Amino acid sequence: KLADYRDLGLLAFDPEQVRKITVNAAKKTVVVKQGAEWKVTEPKELPPGFEFDGGQVMSQLSMLKALKAGRLIEPAVPDAQSGLNKPTATVELELEDKTVVALRFGKETTNDKGAKEFFVRGNADKALYALGEFQKKRFETGVELFRKPKPPPNFGQGGGMGGMQGLENLPPDVRKKLEQQLRGMNVN
């Protein structure tokens, strides 16, 4: 049917125009652009060991721009029934011109396979959609969305063991044998 070809994009905005992001899910998080840099303004006290990464802001904005619903809800149900009159979570993007683009999550529902979803509406159109539970859970992590990622393991570089890190705690004779075996493997 025609609805099967519908664009399921939820948000329409220019990421370069966003000046403020407010995520209000399990926790409230506010990130604001001050000059050329992004800053966390809420929560006031960041988790222990938290390191903010402004680059994650653009990653999250790109993800939101590309976010697609799982399905269109047809026929649409009233906001009171879908829970959008009292959203369970929201993501608001304030643009340079003070326009607010919002993604609102409503009540829980299930798809025809029994998977948990949530009613959702963005600003791309007025239609009602459903989005997988994992998407809502992402936003419930709050400020963690903007945490600096841990560096990937440093395999094959430095370490003084021919690039094989993690072997330094082995007894020298075992380490030597293992290194020889690893070097002798034919890896295609």
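Two strands are taken to pair if DSSP finds at least two bridges between them. With that criterion in hand, the tour of this predicted model can begin.

Select strand 5, residues 89-95, together with strand 6, residues 100-110. Strands 5 and 6 are joined in the antiparallel sense by 6 bridges. Within this pairing, Leu93 has Val101 of strand 6 as its bridge partner. Next, display the connection: the two strands form a hairpin with 4 residues between them, and Lys98 in the turn has a positive phi of about 75 degrees.

Keep strand 5 selected and add strand 1, residues 18-24. Here 6 bridges link strand 1 to strand 5, again in an antiparallel arrangement. Center the view on Asn24, whose bridge partner in strand 5 is Thr90. Strand 5 is mostly covered, with 5 of its 7 residues buried.

Return to strand 6 and extend the selection to strand 7, residues 116-121. These strands run antiparallel and are joined by 5 bridges. Arg104 can be found opposite Arg121 of strand 7. Strands 6 and 7 also form a hairpin, this one with 5 residues between them; Gly114 in its turn has a positive phi of about 85 degrees.

Finally, select strand 8, residues 129-132, alongside strand 7. The two run antiparallel, with 4 bridges between them. Phe118 has Leu131 of strand 8 as its bridge partner. Before leaving strand 7, show the surrounding chain: 5 of the 6 residues of this strand are buried, so strand 7 is largely enclosed by the rest of the structure.

How values were computed
Residues are numbered from 1 along each chain as its sequence is written. This is a predicted model: local features need pLDDT of at least 70, side-chain atom pairs count only at pLDDT 80 or more; totals for chains, interfaces and linings use all residues. Side-chain values use heavy atoms; hydrogens and water are left out. Buried means under 20% relative accessible area, exposed over 50%, partly exposed in between (1.4 Å probe, protein chains only).
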